[in-house]
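Open the model in your viewer and keep the selection tool at hand. Each stop below tells you what to pick and what to look for.

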Amino acid sequence: MVPLRPTPARDLVLQDGGTGVDGTRVDGTLVDGTLVDGEESGRPVTTDFETIEKGGIRVRYRPGTAGERAARPMASAAAKARRLLAGLGSEPDIDVPCIYLDDAFNDPGDPDTVVTEGSVVDAQSGEVWMVVGPEAPPEPPHRPLALLFGAGLPCLDEVELLVEGYGLHLADIGPTRSQLPPVLPPLDAAGGELRAAMAVDFVRFLLDRENENALRALLAAPHGALDTRFRELYGAPAAALEQAWRNEVLAGEPDVKPMEFLRLSARYLRPYWARQLEVFGYMLLSLAFTAAFPYVSRSLFDTAIPSGDFGEVLQLLVVLGVAFVVSLLAGLRQAYQSAWVSGAVVRDIRQTMFDKLQVLPSSWFHRYQQGDVLARLFSDVGAVQSGLSDTIGRGIFQLLTLVVTAVIMLTINVPMGLVVLAGAPLVGLVYKTMAKGAQERSIDLREDNSALLSVAAENYTAIPVVKMFGLGGRESLRFGRASDRLFRSQRRLSLFGGLFGLSVNMITTMLRLGVLGFGAWLILEGRFTVGGLVAFLAIMGEVINPVTVLTTIGQDIQAATGALVRINEVLDAEPEPRAADAVELPRLTTELRLSDVSFSYSPERRALDGVDAVIPAGSNVAFVGPSGSGKSTVLRMIMRMYEPEEGTISLDGIDVGTATVESLRGQIGVVFQDPFLFNTTIRENIELGKPGATDDEVLAAGAAAEIDTFIGSLPNGYDTLVGERGTNLSGGQRQRVSIARALIRDPRILLLDEATSALDPGTERQITATLRRVGADRTVIAITHRLTSITDYDSIFVIDAGRLVEYGRHDELVALGGTYAHLWAEQTGTERRELAPFDSAAALASTPLFRDTDDETRRDVAARLRAFVLQPGETIGDESGGLVIVREGRGAVLAPSDLGGTAVTTELRSGDVFGVKALIGGSTGTRLRAIDSLVLLELDNAVLDGIAARLPSVAAALAGSRSSGPTHGRRLASAAFAAAAPGPAGATARNSNASTGSTA
């Protein structure tokens, strides 16, 4: 994220590509190198260089080399670049920067290597060294000079990438967006050519939002104040701007053209075709006066007036009057019907958008702010309504007027008519030239409008925080900045529209003057009449006016195209995935399983990484861990708010990704941390959990959630309005209503997302007791920070940094001394048991499975070990197919004897491994029993399969393949004789599926 960290010098050296003389790759740009004069420093001798100086830039080269041929063009380009960079950083303070053009030179960051491509920038000496050779043309000087001058900026360490991108932009490199990959790293983590492409594209994104002066002001921000300067200049923090840029890159260039309005109209106008035919008929009638006027006026001037018969004049005027009344009434009806149709079309678009929002995945809402979504639904749709009204109403009418009047004009005088028709397309040419600019400014206006709405919506939600912390001034400043940005966007669009209108008026005025002169000449030549010229000028206005209006409508439509671009982002967004052959999930009866589930909200960090967990039906389990560890993401994955990037989630062996969302969510009840209630009655809020529920079902769910404890104190009982977001109820009352809403659907799975974290201790105890009671005979999955509420759960899964690091019961995890024990100690103030350091990678190296792997691989596998505890007397068997390492404690290995019973074959201690024989040769019925509390680390079968898929040596070991061993001999039977095994008599065996978490 911006603020941008500096790229280390060595990384910059490697960014452009190339190979040193010793085979080491050493290319790119080095900032703040330490080149100094003198052979003792390792600097290339410069006495044999010749010099060209131009425009405050000195270029030096070796005679007879490729640098000599490039020197003069480089001097000219560098002089222009310096003019463009005037005032940036230390530019005014550097008298004459020097650019060296050489075929190769030592890398100052690594004197043992040679730079053979790219540039080195030495801000300390005011020099740029460029490699120039037959295979290495020099880069444009703008970027190196920008970095050279940028070294004098107060916060170069934060804006270096922006300076680099600015230099590339000034070099006028071609479009880079098409070269960007679909998944981009954070801006400050990119390297090489990708870094350069991302830098210049982000800088151009900023320049599109504001002018170059704003970018210069940003680069000159005081140290530590970059984010404040971002907010002042661009109305948003750096991280939000980077995310907006990423969304724009992901969406691609807008491909909506003005003709899209016609396509969109046709799609939604289909239900209203009868009204459209009626509108078309009224259009024809409304042209009666326009069609009659030129013929009547010609007769009036050429015949009626010269005849001196006022009766004939009166008859002509009556004809015009009747035509006018017909046109007036038809136009009125046409305007009403056009408005009705366009309003109905926009209503349908808004409804379609709203319906689409209901099925979009949570990841879509993760990218867009609330105000932005509301702006698309209302402001943008309103803009489209204006565009469609122009198209359906005025547009078609003006087009029809143009055709009719053009025909009439040609009947009056063909040569003059052809002159007018030949000049009219110039108006269209102006429109086509300026259309792109109108669209870009329209999109900016829409974006700024949505940003203003976002500020207002966030402020409305945060009013209590604003009041309590005295943030009114800050909020007013934010709103004022967003308003100013919107005001500037409006001015830019209005100015552009004014220039468009001025251009069109200039063309039409020149046409009128030309026609007037041509017509006068024809009259003088006796080839035309005065009445004909008057009629022609009148009808000519009716021809040019539709052209002008059509281009104005085109401009309005082009402006509204920006809104249509944003609307289409919603209409064209991918909905929640639904398989074409999706199956209906049966009610959960056996288990819910997460198998190697991985997921990322953003490219820079995985929220979940290879999570494996088995949750038996009817069990109570919890996912816990530090804040940001990924435990809430697990819940979202189970609800299919997000889809796993890797791995699967299954119910009774059926991948939920292949099933209908409805059949999954239909058997899930959720109690959220923030119990959102709709502004309606308690009864209706409960019914929302099961639309169509009977009153008896509502009352039963309310009783189960113990709403009866307070319902009698409310004025209207279950018919009491809860207020917006349930503000008429207390926190505990809102939570009980949300519990009832979850229970009314009789869910097989009850998800508790920090369900009691916002409650006071007394209310928390009451709600917790209620949840324990209603969770009976259901599968309960809780996410919580309050560990005291889950001490009796069947299993606790501990998530840390997206990985499942521990699982087991409460007492087992406390005894383990790991992450859970640390969290427990923090919450309860108890002393945490510390385990001795343990090298699990070394233990893996002792097994035939990982003997042939390297240290890095074994450390990676060790990170996937999950810990659990066996209490004295508990056992696990080798039939589950997992690999177990003893971390702490002692355990006895029990093997079946041919003589009957079991025998102790050995004792395992810290670092010993159990389960290898079963993995490479099949289960032998061996069991491991804890002598004292036994802390174990496990790789279960699913994880091992994933490792084997990546590591052929592990796969070969699991398959029993060996590269060495005896080729002859006889296999002897095991000598495990029955004997009394140590340990407490009558100890119960731990379920052999413990390794998969089924009893954890």
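Select strand β14, residues 749-753, together with strand β15, residues 779-783. The two strands run parallel and are joined by five bridges. To find one matching position, pick Leu750: Val780 in β15 stands opposite. This is a predicted model.

Now add strand β13, residues 668-671. β13 also runs parallel to β14, with four bridges between them. Leu750 is useful again, since Gly669 stands opposite this residue.

Stay on β14 and show its side chains. Which residues point one way, and which the other? Ile749, Leu751 and Asp753 point one way. Leu750 and Leu752 point the other way. In a regular strand, side chains alternate between the two faces of the sheet. Is β14 mostly covered or mostly open? It is mostly covered, with five of its five residues buried.

**Next stop: another set of strands**

Select strand β21, residues 891-896. Five of its six residues are buried, so the strand is mostly covered by the under-20% cut-off for relative accessible area. Add strand β22, residues 902-908. β21 and β22 pair in the antiparallel sense, over six bridges. Click Ala895 and look across to Ala903 in β22, which stands opposite.

Then add strand β24, residues 927-930. β24 and β21 run antiparallel too, joined by four bridges. Here, pick Ala892 to find its bridge partner in β24, Arg929.

**Next stop: two crossing helices**

Select helix α4, residues 156-170, and helix α5, residues 192-209. How do their axes meet? They come within 8 Å and cross at roughly 80 degrees. That angle falls between 65 and 115 degrees, so α4 is roughly perpendicular to α5.

Show the side chains where the helices touch. On the α4 side, the contact includes Glu160, Leu161, Tyr166 and His169. On the α5 side, look for residues including Arg195, Ala199, Phe202 and Leu207. What kinds of residue make up this contact? Eleven are nonpolar, two are polar and four are charged.

**Last stop: aromatic rings**

Color the rings of Phe, Tyr and Trp. How many aromatic pairs are there? The count comes to ten. A pair of rings is described by the distance of the centres and the angle of the planes.

Select Phe49 and Tyr100. Their rings are edge-to-face, at 5.3 Å centre to centre and 80 degrees between the planes. This pair links distant parts of the chain, 51 residues apart. Phe49 is in the loop between α1 (9-13) and β1 (50-54), while Tyr100 is in strand β3, residues 98-102. Are these two residues buried or exposed? Phe49 has 5% relative accessibility and so counts as buried. Tyr100 has 4%, so this residue counts as buried as well.

Keep Phe49 and add Trp129. This pair is also edge-to-face, at 6.0 Å centre to centre and 75 degrees between the planes. Trp129 lies in strand β7, residues 127-131, so the pair ties together parts that are 80 residues apart in sequence. Trp129 is buried, as is Phe49.

Finish with four more rings: select Phe623, Phe797, Tyr807 and Phe868. Ring pairs link these four residues into a cluster.

Methods. Residues are numbered from 1 along each chain as its sequence is written. This is a predicted model: local features need pLDDT of at least 70, side-chain atom pairs count only at pLDDT 80 or more; totals for chains, interfaces and linings use all residues. Side-chain values use heavy atoms; hydrogens and water are left out. Axes are lines fitted to C-alpha atoms, for helices over the stretch in contact, and angles run from 0 to 180 degrees between N-to-C directions. Angles under 35 degrees count as roughly parallel, over 145 as roughly antiparallel, 65 to 115 as roughly perpendicular and the rest as oblique. Contact means heavy atoms within 4.5 Å. Ala, Val, Leu, Ile, Met, Phe, Trp, Tyr, Cys and Pro count as nonpolar, Asp, Glu, Lys and Arg as charged, and the others, Gly among them, as polar. Buried means under 20% relative accessible area, exposed over 50%, partly exposed in between (1.4 Å probe, protein chains only). Two strands pair if DSSP finds at least two bridges between them. Rings of Phe, Tyr and Trp (its six-membered ring) pair if their centres lie within 6.5 Å; planes under 30 degrees apart count as stacked, over 60 as edge-to-face and the rest as tilted.
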